[in-house]
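Please take a moment with the sequence and the structure shown here before reading on. The paragraphs that follow begin with one pair of strands and then widen to the rest of the chain.

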Amino acid sequence: MITKKLCTACSVVLSVILIFAGTAYGQIQYALTLERLGILYSPGTGGRPYSMGGAYTAVCDDAFALLYNPAGLAQVKRKELSFGFHHTRNDASSEYLGFPTSMTSSTTSLGHVAIVYPYPTYRGSLVLGFGVFRTGGSDIELMTKDVIDTNNRTENIYTQSGSVYQYHVGIGADVSPMVSLGVGLVIWDQSLDFVDNVVSEGNDSIAYWADDVKLDLDGISVNFGMLVRINEHVRAGLAVSTPTWLSYGGDAITSYEGDYKTGTYEGWTTDPEYSLIDEEYTLPMTFRGGIAVAVEPVLISADAAFIPFSQTKREGLRIIDEFDSSGGHALDDVWNFSIGAEVALPWYPIRLRGGYAYTPLILSTAEELTRIVDDFPETTIADFEVERERHRFTFGAGALIDRVLTLDIGVAIGGYERDTGELLQKRDILEVVASGAYRF
């Protein structure tokens, strides 16, 4: 367990470079920042792929090929206009040294909008596509409390809102009767606001420390895909992305005030501190493969993805966990797995779906509590044991209306649980994705 004093609460989250550049705590904090901002976990969107656990690399034959495997665009035979919405509910609870807290938050946002255009050719298929997709969320509300006695208590409240969107431009084409290839350009975008509040009550005073931060993210990457039709029932898919170059910019306002509970002392207020944030990160390449087997009326698919997060860089340097005696990285390499199934009803144009996705946690450290000590915030971080890895169970359905309109809905239930020995954190998530497509 490690404790360091930082000069502002904003430094705790994003601007630690200004004060502790190069220290081990700063290195770990960079990784914690990426996790908290929702960049390291991208579950995707779309009613059909979501309800199949995201196992879509070898399935995609619609606008979601832009997101999962651009080679799948070559399977689209008609013009398609696609749209959708994404609803998320977060139930976050924690227990610090026996003191429980819980908070619930929910958001509804645009899931995606996309258009796909098959270009007429004499042989094979050539398909163009453009879409905007919500690939991750940053909407969270967290609370942690520590009560030593009636006159000594600490309360942390963290509120954050924002979504990660990706703009995709892609092209897919048949290069042989069995093989399709695709490529897509991805532009990342995120606008994020968060407020970090620390309330610390001592024997003679109560102090309030708050950060109000606004951020914008811009990034770019390129996706490559291949789809192989092994036979009439089996397809295999492969998708690879280049490293993602991200740039964060924004500003923060830090305030500090308090009151004395005894004596004739008056309360105090300090002048707000203003700071600018300018951070550059590079996320690693990703590798994803999948297979799909379709024997009417059943479709079964499975995906596996490898993401070497240890290659993540900040300002061109890897993020090191210097508290690891072996000098390891603060972020772990991970394998993600998903499986999905779809069954067509024999008498109605309706398909039922279900799936499972396993996406393990990437960090082994967590922030426990921030106190105000000698007029400065003091944050404690510690290694944790995973009590329940991050996963989600999914189900949903889709219907075809008048041969031109499809409506799909997907529901995901999941979460994770981790324990530092002093802090037990639980996160339960319910997501509902509704989408439709008009083909003409």
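In this predicted model, a good place to begin is strand β2, which is joined to strand β23 (residues 423–439) by 17 bridges, the two strands running antiparallel. One position along this pairing can be picked out by eye: His 87 has Val 432 in β23 as its bridge partner. Strand β2 (residues 80–96) also pairs with strand β3 (residues 99–119), again in the antiparallel sense and through 17 bridges, and here Phe 85 can be found standing opposite Leu 110 in β3. The connection from β2 to β3 is a hairpin with two residues between the strands, and Leu 97 in that turn has a positive phi of about 50 degrees. When following any of these strands, it helps to keep in mind that in a regular strand the side chains alternate between the two faces of the sheet.

A second hairpin can be traced further along the chain, where strand β19 and strand β20 (residues 376–383) pair antiparallel over eight bridges. Within this pairing, Leu 369 has Thr 380 in β20 as its bridge partner. Two residues lie between β19 and β20, and one residue in the turn, Asp 374, has a positive phi of about 55 degrees. How much of strand β19 (residues 365–373) is buried? Seven of its nine residues are, so that the strand is mostly covered.

With these strands in view, the whole protein can be considered. Its secondary structure comes to five helices and 23 strands. The C-alpha trace spans about 85 × 45 × 40 Å along the principal axes, and the radius of gyration is 24 Å, which agrees with the value near 22 Å that a compact globule of 440 residues would have. Of the 440 residues, 51% count as buried, while the surface that the protein exposes comes to about 19,400 Å², with carbon and sulfur atoms supplying 59% of it. Among contacts with a separation of 6 or more, 68% are between residues that lie 24 or more positions apart.

Aromatic side chains offer another route through the model, since a search of the whole structure finds 11 aromatic pairs. One of them is formed by Phe 64 and Phe 133, whose ring centres are 6.2 Å apart and whose planes meet at 55 degrees, so the pair is tilted. Because Phe 64 lies in the loop between α4 (47–51) and α5 (65–68), whereas Phe 133 belongs to strand β4 (residues 126–137), this pair ties together parts that are 69 residues apart in sequence. Are these two residues buried or exposed? Both Phe 64 and Phe 133 are buried. Elsewhere, Trp 209, Tyr 256, Tyr 260 and Trp 268 form one aromatic cluster.

Aromatic rings also take part in arrangements with arginine. Arg 314 lies over the face of Tyr 30, at 4.4 Å from the ring centre, and Arg 390 lies over the face of Tyr 41, at 4.1 Å from the ring centre.

Several loops deserve a careful look for their backbone geometry. In the loop between β13 (286–295) and β14 (298–308) one finds Pro 297, which is joined to Glu 296 by a cis peptide bond with omega of about 10 degrees. Glu 315, in the loop between β15 (313–314) and β16 (317–318), has a positive phi of about 50 degrees although it is not a glycine, and with a relative accessibility of 39% this residue counts as partly exposed. Asp 402, in the loop between β21 (385–401) and β22 (405–419), likewise has a positive phi in a residue other than glycine, near 55 degrees, and its relative accessible area of 66% makes Asp 402 exposed.

The last stop is the loop between β3 and β4, where Gly 124 has its place. With 56% relative accessibility, Gly 124 counts as exposed. How far apart, in sequence and in space, are Gly 124 and Asp 174? They are separated by 50 residues in sequence, and their C-alpha atoms are 5.4 Å apart in space.

Terms used: Residues are numbered from 1 along each chain as its sequence is written. This is a predicted model: local features need pLDDT of at least 70, side-chain atom pairs count only at pLDDT 80 or more; totals for chains, interfaces and linings use all residues. Side-chain values use heavy atoms; hydrogens and water are left out. Rings of Phe, Tyr and Trp (its six-membered ring) pair if their centres lie within 6.5 Å; planes under 30 degrees apart count as stacked, over 60 as edge-to-face and the rest as tilted. Helices (H or I, at least four residues) and strands (E, at least two) are DSSP runs, numbered from the N terminus. Buried means under 20% relative accessible area, exposed over 50%, partly exposed in between (1.4 Å probe, protein chains only). A charge sits over a ring if NZ of Lys or CZ of Arg is within 6 Å of the ring centre and within 35 degrees of the ring normal. The radius of gyration is taken over C-alpha atoms; the globule rule is 2.2 Å times the number of residues to the power 0.38. Contact means heavy atoms within 4.5 Å. Accessible areas come from the Shrake-Rupley method with a 1.4 Å probe; for residues, only the protein chains shown count as cover. Two strands pair if DSSP finds at least two bridges between them.
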